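Hi,

Here is the structure I said I would send over. Have a look at it first, and then read on for what turned up in it.

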Amino acid sequence: MTVEPLDRSIDRRAFLARAAALAVASAAGATVAAPSTAVANSALAVNPGTTSRALDRPNAYTRPRPEAVTDPTELTIAEAAWLIRAGKLTPEQLVEAYLARISTYDGTYQAFNLVLAEAAGAAARDAAQRPRTGALHGIPLAIKDNYFTEGVLTTANSFLFQDFVPPYDATAVARLKAGGAIVLGKTQMGPLATTRATTPAGVVTTVNAWTPTNRNTDPGGSSTGTATAVAGRLATSGIGTQTGGSITAPSNAQNLTGLKPTMGRVPATGVIPLSYTRDHPGPLARDAKDAAIMLTAMAGEDPADPRSQGLPDVPDLIDAATPVYRRDRIRLRWATRIGVLPGFTNGTSATAAARQAYLAQLAEIPGATLVDVALPDGWSQLTGGTFNNIRLPERSEPFMPYLRTDLRGFGVSVTSWLQGALMGGNEFLTGQRAKLLLMERVLDDLFDVCDVVVQTDPVPFDILGLPEIAFPIGFTAAGVPIGTILGGLPYAEDRLLSVVAAYQATTDWHLRRPADPPAAARMRAEAPAEVLRLTAEQVAELTQ
């Protein structure tokens with residue numbers, strides 16, 4: 001027996017009211033302080049007992065695939081947790097396996113900017129001596145370098161914070177650790193979370209794990225390093241942030257399942273800010289079940305983040321991400337109308353073909369109904385660059401002291417901060433009104449005829465703070481992953497996870513892993529790495 005999701009009609013109105021309040025708060029300057037002045041205590045937001053109970057449930061554990069048992073780095077979170085619970089794998093063995101791969105291959109991938117080998121080993125040994133705390137117990141994770149990590153350098157890949165060592169963990173990090181997770185290290189990212197991972201001066205660093213010898217293949221950003229670490233089997237899972245596609249884009253680019261939750265579902269306390277009304281912390285994982293486990297640990301109210309307060313309870317995400325069978329046939333947990341936008345499958349490209357096959361596969365799953373949906377009136381204008389740029393003053397405001405003293409500290413990403421500082425108040429307020437109009441039309445018109453909707457661009461739902469999930473649906477002829485995105489109603493992460501879990505139970509795209517790359521030393525000997533640099537103009541065009 002399955003339980004239907006809660007009626008979302010009340011949530012729609014409440015979410016619209018919250019969005020209006022957030023716009024006012026942002027205009028009033030209620031933004032997260034820059035790291036040099038931030039004060040918080042993430043321990044206030046962590047209840048280890050609650051975290052353990054939520055993660056220690058039967059569906060959080062999955063018997064490993066036979067082919068994964070011989071290599072611990074191939075295991076999903078749920079599979080590794082099953083082995084750890086059964087006493088067939090220790091946290092120390094799992095951490096050692098990942099550290100060995102990092103030592104061998106990260107010189108090529110450049111996924112990490114800081115590896116905490118000694119601390120991770122000590123945490124693994126400690127985990128072996130403590131009572132098991134659920135599915136994350138002893139699981140090694142990669143942390144994007146804009147999350148505060150207590151006593152560990154946190155730079156946001158920026159000149160501004162190159163020496164910043166936070167006195168506490170970000171709430172999301174503290175909750176993952178309370179659930180038993182082990183931090184392997186901090187991952188490369190776009191400077192101040194703007195583009196794909198580069199140095200602050202714009203030199204490209206992290207590569208796509210599927211084409212490690214070709215730096216021109218986009219690995220996605222700005223959570224690039226986390227995506228490459230998980231795809232390249234340097235970590236079991238990881239966390240990133242999304243303001244304009246920064247979880248969904250690298251997940252699609254690297255064959256991962258990335259979940260951007262509803263605004264406020266995961267507190268942003270202890271995350272170096274980019275946009276007060278659009279910053280979404282979330283997981284980049286190998287499948288829907290792992291994404292659900294990660295989000296279960298991260299989500300919930302935090303007294304230090306008003307955006308996280310007063311939300312509906314976190315639903316049972318792990319059960320939602322568990323496939324349901326009837327007479328040995330997969331079916332959707334809840335009957336779901338899947339909205340298909342005009343032109344979604346048009347064309348003859350590999351992406352178009354993958355989308356056609358993906359929709360055909362969904363249509364075969366009992367409980368799924370494909371419905372054609374029209375874009376709301378004014379969609380192009382309301383989601384275009386003019387109104388999307390109202391995010392820029394939100395990023396500039398907490399950084400004004402730096403903008404006034406040394407523009408060089410922003411490196412190659414300085415342009416968008418200047419654009420935000422120079423935007424007029426009239427433009428900002430008009431943009432906020434446009435955002436609320438867009439939200440009304442999406443909630444009342446688009447979601448009147450569907451429960452989830454395909455996405456071709458994450459930005460519109462990033463503007464609105466609505467949840468999205470990215471996942472793989474195929475490959476190009478050159479072996480580069482093809483992904484897609486589903487968007488959902490406010491707080492309906494469970495519905496999104498249920499659809500993806502069913503799809504992944506009938507396909508194997510998410511189980512495919514890239515071949516190991518050549519070691520960095522061999523690459524340098526055979527072909528010195530090409531230096532690829534993004535200019536300030538390119539960064540301004542690509543910025544999240």
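Let's start with one residue: L422 sits in helix α17, which covers residues 414-422. Is L422 buried or exposed? L422 has a relative accessibility of 71%, and the cut-off for exposed is over 50%, so L422 counts as exposed. L422 also belongs to a nonpolar surface patch of about 280 Å², which it makes up with L407 and L418. Before you go further, keep in mind that this is a predicted model.

For a contrast, turn to helix α7, residues 171-178. This helix is mostly covered, with seven of its eight residues buried. The buried ones in α7 are T171, A172, V173, A174, R175, L176 and A178. After α7 comes G180, and the phi of G180 is positive, near 105°.

Now for the pockets.

The largest pocket holds about 600 Å³ of space. Its lining is made of 25 residues, and those nearest the centre are D218, G221, A249, L542 and Q544. Two helices, α9 (248-253) and α22 (536-542), each give at least two residues to this lining. Which element gives the largest share of the lining of the largest pocket? That is α22, with three residues. Sorted by class, the lining of the largest pocket has 12 polar, seven nonpolar and six charged residues.

The second largest pocket holds about 420 Å³. Here 21 residues form the lining, and T62, D287, K289, P323 and H510 are the ones nearest the centre. At least two lining residues come from each of α4 (77-85), α10 (288-298) and α20 (493-505). The largest share in the second largest pocket belongs to α20, which supplies three residues. By class, you will find 10 nonpolar, seven polar and four charged residues in the lining of the second largest pocket.

Next, the cavities.

How many cavities of 30 Å³ or more are there? The count comes to four. The largest cavity has a volume of about 80 Å³. Around the largest cavity you can pick out F15, R18, A19, L22, M263, T277, R307, K435, I463, L464, G465 and Y491. Two elements, α1 (9-27) and α19 (459-464), give two or more residues to that lining. The largest share, four residues, is from α1. If you are wondering about the spacing of residues along a helix, an α-helix has 3.6 residues a turn, so residues three or four places apart point the same way. By class, the lining of the largest cavity splits into seven nonpolar, three charged and two polar residues.

The second largest cavity has about 50 Å³ of space. Its lining consists of N146, M189, L192, A193, T241, T243, V271, I272, P273, L274 and D279. Of these, seven are nonpolar, three are polar and one is charged.

If you want somewhere to begin on screen, try colouring α22 and finding the largest pocket, since α22 gives that lining its largest share. Then do likewise with α1 and the largest cavity, where α1 supplies four of the lining residues. After that, go back to L422 on α17 and look for L407 and L418, its partners in the nonpolar patch.

Cheers

Note on methods: Residues are numbered from 1 along each chain as its sequence is written. This is a predicted model: local features need pLDDT of at least 70, side-chain atom pairs count only at pLDDT 80 or more; totals for chains, interfaces and linings use all residues. Side-chain values use heavy atoms; hydrogens and water are left out. On a 1 Å grid over the protein atoms alone, a cavity is a set of points where a 1.4 Å probe fits but cannot get out, and a pocket is an open set with protein on both sides within 12 Å along at least five of seven lines; lining residues have an atom within 4 Å of a point. Grid points are joined across faces, edges and corners, and a volume is the space filled by probe spheres set on the points. Ala, Val, Leu, Ile, Met, Phe, Trp, Tyr, Cys and Pro count as nonpolar, Asp, Glu, Lys and Arg as charged, and the others, Gly among them, as polar. Patches are made of residues with over 30% relative accessible area and no salt bridge: like charges are joined within 9 Å, nonpolar side chains (Val, Leu, Ile, Met, Phe, Trp, Tyr) within 5 Å. Accessible areas come from the Shrake-Rupley method with a 1.4 Å probe; for residues, only the protein chains shown count as cover. A salt bridge is a side-chain nitrogen of Lys or Arg within 4 Å of a carboxyl oxygen of Asp or Glu. Buried means under 20% relative accessible area, exposed over 50%, partly exposed in between (1.4 Å probe, protein chains only).
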